[in-house]
Every structure is written in structure tokens, then in C-alpha cells.
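Colleague: I am new to this one. Could you walk me through it and tell me how each label is earned?

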Amino acid sequence: RPIIGAIEGVDEIIKNYAFLIGELAENSFFKESGLSRRDFVRAILFGETNYSQVSRYMRKYSMKDMPAFVMVVTTKPESVDDVKNVLYNYSSVDTDFVIVTSETQLAFVKFIDDSSDEYQSSTEYAEFLKQSIFEETGANVKIAVGGTVATIIDLSTSFSQALAASAPNRLSRW
């Protein structure tokens, strides 16, 4: 239901009312949508949110704005659940996300913690994950890595890059 209205004037009180109405409208979006933390990250990946919504999400879940990258992991449909479980094992409970995006693909959002120097690059980390998934499940996967972005709002850019990088791989044989 769209709400249409107008406020006359340009003084400070009118601006405050306009801001208040905007805030109330945004808050009603969150209450009506009832998105879980995982669903909201999915909405961010698919570019279905704006800066204001992402800021509220970060406050609601006490998230720091940290650099991150997205990996698109492609596997056979019968292996998706096993691959998802392995990715959960390698994710940080507080920040990282594993989201099933199709019957053969998962998105793994990996936030970069300044205190961790375990891997030199996102590509090196993807190679480690690919080997770990194979060792733990026997599943062959293809992992496409998006670029590292500075803020959560830009995760959709990294996701788009990873999707684009994975596109030719969909045509290849297992």
C-alpha cells in the first residue's frame, strides 16, 4: 500500500516532521517484512536494500562495517546440503553467512577480520575451501570469488562479480 502525502513549508520544524515520517515509514518496512538476519543479508546481496535499511540492520544486529568478499560455490544439487554444512564449519558465527541462492549454488559471505592473517588472499582462501569440501564430502565444487568490498552495503557488488565469474563454469562438465 503506497502512502502519498505532502508537507508544506521549509523551516526546521517541517524538516523534522518530514524526517520523522520517513523514519516511521522505514521502521514499518522492518516490522512488516519480519526479515531474519540471514534473509536480510540475502536482500543485501541481491541489491534489494538501500543505505538506510542496511544501517538499521547493522545497528539491530550490532554489526561492525568490515571489509568482506562473496564467494559463489557451485556444486551438484545432491551435494548442496553437505557443502553448506562444511561452509558453516568454516564461517565465523558472528559475521559470515552461507546462503543457498539456487539448487546448485551457494553464496558464502566472508568478512575480513584485521586480527586474522591466516590467508594472504581471498583466492587462496577459496582454494583452501575447495580442498576442504572435497576432503570432507567428496563433492567437487567450483568457487568464484568476488572482489573485496569495504562496506556491507557494497556486498551486492562482490556478489555480482562472483556470479559473473561463475557463469562460464556452469557450462563445464563435472
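**How the labels are earned**

Modeller: Gladly. Let me start with one pair: Asp96 forms a salt bridge with Lys110, and their closest N and O atoms are 2.8 Å apart. Please keep in mind that this is a predicted model.

Colleague: What makes the contact of Asp96 with Lys110 a salt bridge?

Modeller: The rule asks for a side-chain nitrogen of Lys or Arg within 4 Å of a carboxyl oxygen of Asp or Glu. Here the closest N and O atoms of Asp96 and Lys110 are 2.8 Å apart, so the pair meets the rule. By this rule the count comes to one salt bridge. The pair links distant parts of the chain, 14 residues apart: Asp96 sits in the loop between helix H4 (80-89) and E2, and Lys110 in strand E3.

Colleague: Are these two charged residues buried or exposed, and how do you know?

Modeller: Buried means under 20% relative accessible area. Asp96 has 6%, so Asp96 counts as buried. Lys110 has 15%, so Lys110 is buried as well.

Colleague: Which strands make up the sheet, and in what order?

Modeller: The open sheet has four strands in the order E2-E3-E1-E4, with antiparallel pairing. The twist averages 20 degrees from one strand to the next.

Colleague: Why are E2 and E4 said to stand at the edges?

Modeller: Strand E2 (97-100) and strand E4 (142-145) each have a single partner strand, so one side of each is left without a neighbour in the sheet.

Colleague: How do you know that E2 and E3 pair?

Modeller: Two strands pair if there are at least two bridges between them. E2 and strand E3 (residues 105-111) have four bridges, in the antiparallel sense, so they pass. In this pairing, Val100 stands opposite Leu106 in E3. Helix H2 (residues 37-45) packs on the sheet, touching E1, E2 and E3, and its direction makes about 75 degrees with that of E2.

Colleague: What makes Val70 a buried residue?

Modeller: Val70 has a relative accessible area of 0%, and the cut-off is under 20%, so the label fits. Val70 lies in strand E1 (residues 68-74). Leaving aside residues up to four places away in sequence, Val70 touches several others, among them Leu45, Phe108, Val145 and Phe159. Ala144 is another residue that Val70 touches; the two are 74 residues apart in sequence and 8.5 Å apart in space, C-alpha to C-alpha.

Colleague: Why is Ser62 called exposed?

Modeller: Exposed means over 50% relative accessible area, and Ser62 has 66%, so Ser62 qualifies. Its place is in the loop between helix H3 (51-60) and E1. The C-alpha atoms of Ser62 and Asp94, 32 residues apart along the chain, are separated by 9.7 Å.

Colleague: And why is Ile7 called partly exposed?

Modeller: Partly exposed lies between the two cut-offs, 20% and 50%. Ile7 has a relative accessible area of 38%, so that is its label. Ile7 is found in the segment before helix H1 (12-33). Together with Ile13, Tyr17, Leu20, Ile21 and Leu24, Ile7 forms a nonpolar patch on the surface, with about 590 Å² of accessible area together.

Colleague: How many helices and strands does the protein have?

Modeller: Six helices and four strands. From the N terminus on, the elements run α-α-α-β-α-β-β-α-β-α. Of the 174 residues of the protein, 36% count as buried.

Key
Residues numbered from 1 in each chain as written. Predicted model: local features only at pLDDT ≥ 70, side-chain atom pairs only at ≥ 80, totals over all residues. Heavy atoms only, no water. Helix = DSSP H or I, 4+ residues; strand = E, 2+ residues; numbered from the N terminus. Buried < 20%, exposed > 50% of the residue type's maximum accessible area, 1.4 Å probe, protein only. Contact = heavy atoms within 4.5 Å. Patch = residues over 30% accessible without salt bridge, like charges linked within 9 Å, V, L, I, M, F, W, Y side chains within 5 Å. Areas by Shrake-Rupley, 256 points an atom, 1.4 Å probe, with all protein chains shown as cover. Axes fitted to C-alpha atoms, helices over the stretch in contact; angles between N-to-C directions.
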